[in-house]
Structures are given as structure tokens and as C-alpha cells.
Amino acid sequence: MNQLLSFSAILVLLCFCIGECKYMVYDTSQTVRADKINVHLVPHSHDDVGWLKTVDQYYTGANNSIRGACVQNVLDSVISALLDDRNRKFIYVEIAFFQRWWNQQSEVLKTKVKELVSTGQLEFINGGMCMHDEATPHYIDLIDQTSLGHMFIDREFGQKPRVGWQIDPFGHSAVQAYLLGAEVGFDSLFFARMDYQDREKRKNEKTLEFVWQGSKSLGSSSQLFTGIFPRHYDPPDGFTFEINDVSEPIQDDVLLFDYNVQERVNDFVAAAIAQANVTRTNHIMWAMGTDFRYQYALSWFRQMDKFIHYVNLDGRVNALYSTPSIYTDAKYAADETWPLKTDDFFPYADKANTYWTGYFTSRPTFKGYVRTMSGYYVAARQLEFYKGRNGSGPNTDALADALAIAQHHDAVSGTQRQHVAADYALRIAKGYAEAEEVVASSLTFLTSLRSSEYIEKSVGTFQQCPLLNISYCPPSEAVLGDGKSLVIVVYNPLGWEREEVVRIPVSSHELIVLDSGGKEIKSQLLPIFNASLNTRNYHVKAYLGKSPSNTPLYWLGFTASVPPLGFNTYIISSAKHTDTRSTMSTVWTSDSTSDKTVVVGGGNLKLHYATDEGKLTHYINNRSLVEESMEHSYSYYSGHNSTNQASGAYIFRPNGAFPIKTEGQKAFAILKGPIMDEVHQELNPWIYQITRVYKEKEHAEVEFTIGPIPIDDGIGKEITTQITTNFKTNKTFYTDSNGRDFIKRVLDFRTDWDLQVNEPVAGNYYPINLGAYVEDGTMELSVLVDRAVGGSSLVDGQIELMLHRRLLFDDAKGVGEVLNETICVQGDCKGLVVQGKFYIRIDPMGDGAKWRRTFGQEIYSPLLLAFAEQEGDDWKNSHASSFSMIDASYSLPNNTAIITLQELESGKVLLRLAHLYEVGEDKDYSAMASVELKKLFPNRKISKVTEMNLSGNQERGEMEKRRLNWKVKDSSEGKIVRGGGVDPEKLVVELGPMEIRTFFIDFDYLTPKKGRAVILIIMFTVAEDGEGVADKNNHPYTAMGAVGRLAVAAAAAVEGMEIRRFL
Ligand SMILES: [Zn+2]
């Protein structure tokens, strides 16, 4: 009946047209209809923020021999096509591109585009700077990159993206669903890639759409409607219309020989019905576009105009221009009860032997660099805030931008071409250089007791050592003497006090370390061995283009004690007497004893080694009474080279596992001393490892140096390490989601379907950002990492991490290059060497979370070191030797962290607080936490606290009112704990387990009481004139010195004037 009707409709139209019809007006105004299958046509372009080309090359259309792609063309032509027909719609996702385009447009066009956005023709969805990867970024980076984009959209358009659009990432994380989905205010999330077995089952059961609860702790309070495309993020076959695409266009002029309206309408209806058969409700979505499409937008819109027109005349299904928001609202209006999904979508396989688990480790040094810079950015923003943001720079904005695009799913994932990886790293390095200036000038400002003039002059006082990990640090290596000594300011970006060992390379063995009170403290010297020096010298030359001028002889280690969000100062000078100088480590080698066992560790933790083979045999903690056998080994997988499916940048496809045996007896040495013990092992010419046990810590730290991985046998290799105990762990292990929630994994098992196992190793690999653990009911073995890696527990009681990979075949997933990284000095290249750390600990059952969470945060936010030189005793007299931003009697509870403290361009301060524990994870710390804002900012008057959504683009209350509440099948859960509202008088923020709360804080001009001003004057003795009075604009102090400001504060207190801010 329907068919008959529609056919006659077309006949009518034909009759009307024959012989006279030249200009056609297409009716594209159709909206949703309740009585038909609605085909939501969603025009989109998937624009990778760097992959085969750099972000700028993609934007401008440069380097088109690699790939004809120019995002500028996409945006230019889309905007014009939207203005031509007000029914057309388009979504845009990647703000890194949009921002580049927007900044170049005229005010006239900007006004028109704003109108397109306000009418919903152009909609921003996802809205971060990039479409981030979900396996390898840290959640703090995900929040930052999303916030940067969302705040841009809010600032320019007043819009809040409603939909997550993670169509291309290679697997999907729980943190994406609840944190970067629900908590930013999204109503839905859409993606394309999922396990092929899971997809088949979901198609059969019509469960490609569901409600996803990513967090055990936040449960239904953070759930998200999620839709997976039945195949990929492009249209059904035959409906792609880029200029060179082969789909048949609609030819509706009857004079054309190939007139085909009815055939094409039939094709459309058939594809719609096929999709409707695997979808609940009468709404289906077609993602009309794919990678870098709409470079000539009309080629798409022209066809969609016609399809909408003729399909609706036909009437069997309803076709409309739509967006994922319109689609989401239609799904919601259908009032369906949706199936529930928990945990995540890792690992992803698109075929039996194609597991996308290699990229969890690909480009390990880049992953390490991104993570290091991420932690640095958190600290740099704090220091920027203390001093006052400088809008015209230097500031941390460039580092923010660089880190944001580095979260793209072909950036930190390691799946881009080599020249693109270099481009990301260069952007980060430039951002770092500017942030380093911010940090140095803020520390100069915070430490100086002198005039602003002095401070301006001494901006170069502080040096930092980004290559400290390879023992390169010119200021600490400088030979001390002639009254010169080294000043180290140690900054702690966390909200609790820390005692940690600081290690720096030095050139003398006659040294003494003094704390900020001038008291001599314990220190230890450890000789730097040739293996480390070789790594150092080669890489310094590679990075800086010149050989280091000094050669340090020792590491100097001492314990720094640093207040929360503050610093402490240590002074190192040459020692005159042997009885006060640093303790030289004793060096023990295997041929110096006949004992079978050697014990390492001067505190509670003892590691036992068998002297004959140099093997770790036991892990013993005298305090917790843990006593377990433990082995630590390395092995490699040879990369499959089959043309059918090779191991490559994305794919892990092993072709056999091979243990790496220690070659001979060389270089098994143990250094012992009062601060730490170290075990040095050169396993072979390309694996060197140091196992470190600090006297005051109860974990082992392993520093590995791996590479160049040999490939002269023509075989690519993927290097792993195994920590093995006898625990019976029942095939069960836990890995984190983006450094946050831990998710239970079971070997060869998936929660959502009966897994057919084709790749017993690669199919059991998961991304690890924080760590992994196993437990046997009485003990927990935890391993924490310093960057994203892949890992698993393939054998009971064992944790395996993949640390490095070098492969000789492309895995045919698009990058078209082999993952064979090299490092070059003057054109002479060798395989990439990676140096990194992981940390091992065993706890009695139930105690492991404390270490994983608290120490995990310390790994992410290491102490920041800044170095200066002093002559005589000058430093102490002219500098503040310690500082804490927060009230001296206060510290953040150990289950919370400040993950963002940042002065925004608007002058408001962005504060994000995170609860670090999951519900039920720890008997003490999984409780509600509270943070007293007044004590966080003791010297500033808080005038207003506004709670925001996670990305800071809308008030939390409004977001909650607006968000859709989906009906879920089989949902049962306990009470969800979240913090209550913040009383404007008390200003105490409560945080439930795993909760992150985001605030904008306004500070008042301060009117200090006389008492405070007097105290400050006493503290800072020198007052200076001529500083003028603090103005009331946003940045009154950026050009003023500490003392100048304090003098102003004092003067103002006397005269009753307003002062906006001081420390
Ligand atoms: Zn992509």
C-alpha cells in the first residue's frame, strides 16, 4: 500500500516536470515523524588533529602528496552551504581546527556563523580541542583538553556541547563514559569501533544502543546514553558523495539518460530498513561523512537535499537533516527502557587476529614525555596563579594547547607518522620552554624578599633540569667551591606534605646538604656508572646538539620534606670536614662474596637476590610481615610479519614469546647507603635496569633502560617485563581506566559475550595508565607505571607490562609507516632507547589501595626542582626558604587531590578537587572527604564560589536540571555518595568516592587588617617606595615585586585602601 502510494507520488512529480522542469526546489524541511522510520542524516567530517600530516598541514592543505586534505576548505565550504539552505545541518567536533579557522574570519562572517550556531544549523559536539584517545591519556589531560575546547565554544558562542562523539578511537574507556561524558553534561555518546564479536551479538539483540554506567562509585548518577554505529562512522554503502567518491548520484533531470530517482530511493529505503532491523525505536542515524570530507561541501549537500526530497515523497521512510542532539532527543522521547552497560570497551578487535592493543605501548618515549609534561603543567599553573597570570606571556597557554592536541587518538596513542610525532613533541617542547619561564619567575617572586627591581633582574635565577632523568643537570653538576653553593628549591604540587628522596648528579664527593633551617641533613653519594653516562652523553648530544661539558661523578640523594602546595629550600656546598660530608655508598659486586644470598634495603622492605645468577628471589616487609617469593624477568614477543595481519603501530600480534636471559655475569652490582640501596643489572647490551629500595619507603622502584632493540635478524620485537609471585589469582587482575577507576579483568573472558579466543596474548592486553594489581585473598601485588603502557596477567600471580616495541611491518590500519623509531646524532641513527620507571609493592589484602592511590598521585605529580647558585650566605638572608599556599595548620586529606588550580583569562580561578578512592576500595579512605576552601586560600578573601560542570562551561546545577534521565533495565545499586552543596559561609567542599568537583572562585580585593600588614612588614623588613597602589584591573601585581606588593599592602592597610591580592 505504502509502496503504491509513493510510486504514484513520484509519477505525479515526473508528469509535472517533463519537458518544462529546469530548476528544482527541494523540500529539505522535514522533521521527525512518529509514524515512520526516521533516518537522521548527520553531516560530519572526521578531521584528525594530526595523523599522516601535522595539524597545521591538515588545516592548510599542505603536504597534499601524502593525503589530499584541507580542513580550511571543509569549513569554508560547509559554512557557505549552510547559509544557502537553512534546513541543512552540520556538526563540528575538533576545536583545534575550528579555532584556527575562526581567528581568520571577518566580523561579518563571524556574525553569520554565530547565527548558524544559535539556530542549531551548525552544532559543536564533543567540543574538545581534539577527539582524544581513550586508552593512553591520563584523566587529567582528558579533562584539560575538553575544558579548553568547551570554554572556547562557550566564550565565542555561549553554547554547551551536549553530545560525545568519539567515533574513531580504538576502544572506549569507562572514564570516557562517566567523567568525560556524564560529568561534562553530555546526554549521549556515539562511537564506531568495538569488538567484532560483541558487535554481532549486539546487532542480533538490538543492543547497540544502551545506557552506560562507567563508574561503580557514581553509578546511576553518572550514566550516559550510548550508541554504537552498526558498522563504521561513514554512511551505508552507496551514499558517500565527496567529489571523487563512486556512489551513484541522484540524477533527477528527466532529460538525463541515466535518470535514476526511483532506484536510488529504493536503495535508501533498503539501507534504512536494514539498519532499523538492528535498532530499537523508529530512529536510526546515518553518519554522513568520514575522514576529511566536505572539502567541497555542496557535493554532499546536493545529494542529501535530493534524497530528503524524494525519499519523503516516496514516503516509506522519513529522511531528515539532523544532528546527534536531535537524534538523542528523539530516542529519549521514545520512552524506551534501555539495557545497562558497565565497565568498558577494551580491548578492541576488528577481526580474529587483529587486536588493537599494540598502541597501548607504541612510542613509549613520547607517551612518557606527554605524561611528564602533564604533571608539570599542573604544577606550572599553580605557580602561575600564585604570581598572577600574565595575559601577554610568558604563560602556560602554549603548553596547554600542545598537551591538548597531544591527546588526539593519533597522538599520544603513538599511531601517527614519524614527522607528525616530532611535530607534537616540538609543540610540547615550545610550550614547556614558556611554562619553564613562568615557573622560574614565580619561584623568584615567591622566594625573593627584595625589591621588585631585584626580582626583575633575577628572573634568570632559577634553572630547571628537564633531562634530569638521564642524569644531565648543568647547575647541579657545576663544581662548587670558592664560597659558591647550590640552592635547590623543591616545590610540591600536592595538597599534602611529602618526604621524598631527591637525586641530582654532582661532580664532587665532598658535599654537605643543609635544610632550610641551616641544619645539616643526611645524604648519600652513588657513583654514576658508564652505562648511565653513555645514555646521558648520547642523548644530550641528540637533544641539544652538543656534548655535555661536564661529566658528573655521582648521584647525590637526600630526603626533602616539602609542605603542601609549597616549597622548601636545600643548600648544597662543599664539605670541609670528612665527618660531615655525604656518605659514599658501599659497592658490592657478585665476586666480592661467597654468600648465596644478598639482601637489599635498609628499611622495612628487603629484597633478596641469589648471588650466583643475580636474580630477585624474595620480597619481605618486616613491618607488614609480607614474605613472598618474587621473580622479575624480561622477555620479548616477535612481531608477526604476515601480510594477513602484521604487528604494528596499532596492532599487537605476537608470533612467539622468548625469555631474555642474562648474558654472562657482567655488571651485577649493589650500592648501599643510608638513604637507598640500588641493584644494577646489565641484562644484555640493550637492557639495563636499576632496582632501588629507599630506606623510608616500602616499595621497589625499577628504572629500566631498553634499546636499541636489535632488528638485525629481520624480526620486530615487543619487549615485556614480568613480576612473578606464587599468588593464586584465579585468572583475575585489575587495570585502571585512564588513571582513575580500576576495572576487573578476567583472562579469556568478557562480561558481555562468550569470548571466542583467537589471540590468547594480545586479546588479554589492557591499557594501563596508573597501574595493575592482582590478589589472592590474603595479599595484593601492585605495579604502578610512569606512563601509558599495555599489560596483562597472563599467568596467575604475575603482572606483565609491555615497555617498548620496534616493528618492521606496517599493520595496514592506515598509518602506512612501520613503527621503527630511531634517535639520531648528526645523521647517524640507531634504534630508540627508552628509559622509564615502574614500582612494585605487596600489601596484605585490603591495604594496597592506599599505596596505589596516594603514591600514584605522587608519581603523576613529582616534586619540581629548581636550581640556583649562591655566593656566601647571601641566599638565606635575602630569600624566603619555605612557603605553602595553604594555611600552615592545614593539609588536604590523603584521599583528595587538587587536580586543577588555574587563573583563567577572565581573572576567575578554576579549582578542581578529586576524590582519589573508589567506593569500598579502602576502609579509611573510601569515605566522604571534605576540603576547607578558606584554609586553601588563607590570605585571600573568597567572594564567590560557583560550582561548575567538569569542563567549566556551565553551572553544575543548570547542567543537572537539563540532563536527560534515561530508563534502564535491571538496574539495582546501593546508595550513591556525593558531596552536598557548598555553604557560602563555611566554604567546605565535600567529595564522595571518585567524585571530582569543579569550581570557579572569585576573590575579593583584600582589605588587610593592620595586624596582618604589620606581621608581613616584620617578615619582609625591606619596604620599597614608588610601587604605586595596586590597581583594580585583573593583574595588578604582575609587574610588581613581592616586597613592593607587601609595602603596598601595608600602606593600604594604614590608609584603608583596597588591595586585591597578596600572598
Ligand atoms: Zn581519526
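# Exercises on a predicted model

R653 sits in the loop that runs between β27 (631-639) and β28 (654-660). The model is predicted, and the exercises below work through selected residues, loops and cavities.

**Exercise 1. Decide whether R653 is buried or exposed, and find which side chain R653 makes a polar contact with.**

Step 1. The relative accessible area of R653 is 10%. Buried means under 20%, so R653 is buried.

Step 2. The side chain of R653 makes a polar contact with the side chain of E759, at 3.4 Å.

Step 3. With neighbours within four places in sequence set aside, the contacts of R653 include N353, S638, G639, H640 and E759. E759 therefore appears both in this list and as the polar partner, while R653 itself is buried.

**Exercise 2. Place W496 and P563 in the chain, classify each as buried or exposed, and state how far apart they are.**

Step 1. W496 belongs to the loop between β14 (484-492) and β15 (498-506). P563 belongs to the loop between β19 (554-562) and β20 (566-574).

Step 2. The relative accessibility of W496 is 3%, so W496 counts as buried. P563, at 19%, also counts as buried, because the cut-off is under 20%.

Step 3. In sequence W496 and P563 are 67 residues apart; in space their C-alpha atoms are 6.9 Å apart. P563 can also be paired with P493: these two are 70 residues apart along the chain, with 9.4 Å between C-alpha atoms.

Step 4. Leaving aside residues within four places in sequence, P563 is in contact with N492, E497, N568, F883 and S884. On the same terms, the contacts of W496 include P564, E858, P893 and L916.

Step 5. For E858 there is a further detail: its side chain and that of W496 are joined by a polar contact of 2.9 Å.

**Exercise 3. Find where the cis peptide bonds at P394 and P708 lie.**

Step 1. Most residues other than glycine have a negative phi, and most peptide bonds are trans.

Step 2. G393 and P394 are joined by a cis peptide bond with omega of about 0°. P394 lies in the loop between α12 (364-387) and α13 (397-405).

Step 3. G707 and P708 are also joined by a cis peptide bond, here with omega of about -10°. The loop that holds P708 runs between β32 (700-706) and β33 (717-724).

Step 4. G707 can be set against G127: the two are 580 residues apart along the chain, and 39 Å separates their C-alpha atoms. G127 lies in the loop between β3 (122-124) and α6 (139-157). With 0% relative accessibility, G127 counts as buried. Residues up to four places away not counted, G127 touches V93, I95, T146, G149, H150, I153 and P161.

**Exercise 4. State what the phi values of T281 and M994 are, and whether each residue is buried or partly exposed.**

Step 1. T281 is not a glycine, yet its phi is positive, near 70°. T281 is in the loop between α9 (261-276) and β8 (283-288).

Step 2. T281 has a relative accessible area of 22%, so T281 is partly exposed.

Step 3. M994, also not a glycine, has a positive phi of about 65°. The loop in question lies between β51 (988-991) and β52 (996-1004).

Step 4. With a relative accessible area of 0%, M994 is buried.

**Exercise 5. State how many cavities of 30 Å³ or more the structure holds, and describe the lining of the largest cavity.**

Step 1. Searching the whole structure gives ten cavities of 30 Å³ or more.

Step 2. The largest cavity contains about 130 Å³ of space. It is lined by 16 residues, and those closest to its centre are L208, E209, I228, T279 and Y327.

Step 3. Sorted by class, the lining comprises nine nonpolar, four polar and three charged residues.

**Exercise 6. For the region that UniProt lists as "domain: Glycoside hydrolase family 38 central", find what the helix and strand content is.**

Step 1. The UniProt record, an unreviewed entry, gives residues 354-428 for this domain.

Step 2. Over residues 354-428 the chain is 59% helix and 3% strand.

Step 3. The C-alpha atoms at the two ends of residues 354-428 are 32 Å apart.

Notes. Residues numbered from 1 in each chain as written. Predicted model: local features only at pLDDT ≥ 70, side-chain atom pairs only at ≥ 80, totals over all residues. Heavy atoms only, no water. 1 Å grid on protein atoms, 1.4 Å probe; cavity = no way out; pocket = protein on both sides within 12 Å on 5 of 7 lines; lining within 4 Å. Points joined across faces, edges and corners; volume = space filled by probe spheres on them. Nonpolar A, V, L, I, M, F, W, Y, C, P; charged D, E, K, R; others polar. Helix = DSSP H or I, 4+ residues; strand = E, 2+ residues; numbered from the N terminus. Buried < 20%, exposed > 50% of the residue type's maximum accessible area, 1.4 Å probe, protein only. Polar contact = N/O pair within 3.5 Å; in protein donor to acceptor, adjacent residues only side chain to side chain. Contact = heavy atoms within 4.5 Å. UniProt positions renumbered as here; feature names shortened; annotations may be inferred.
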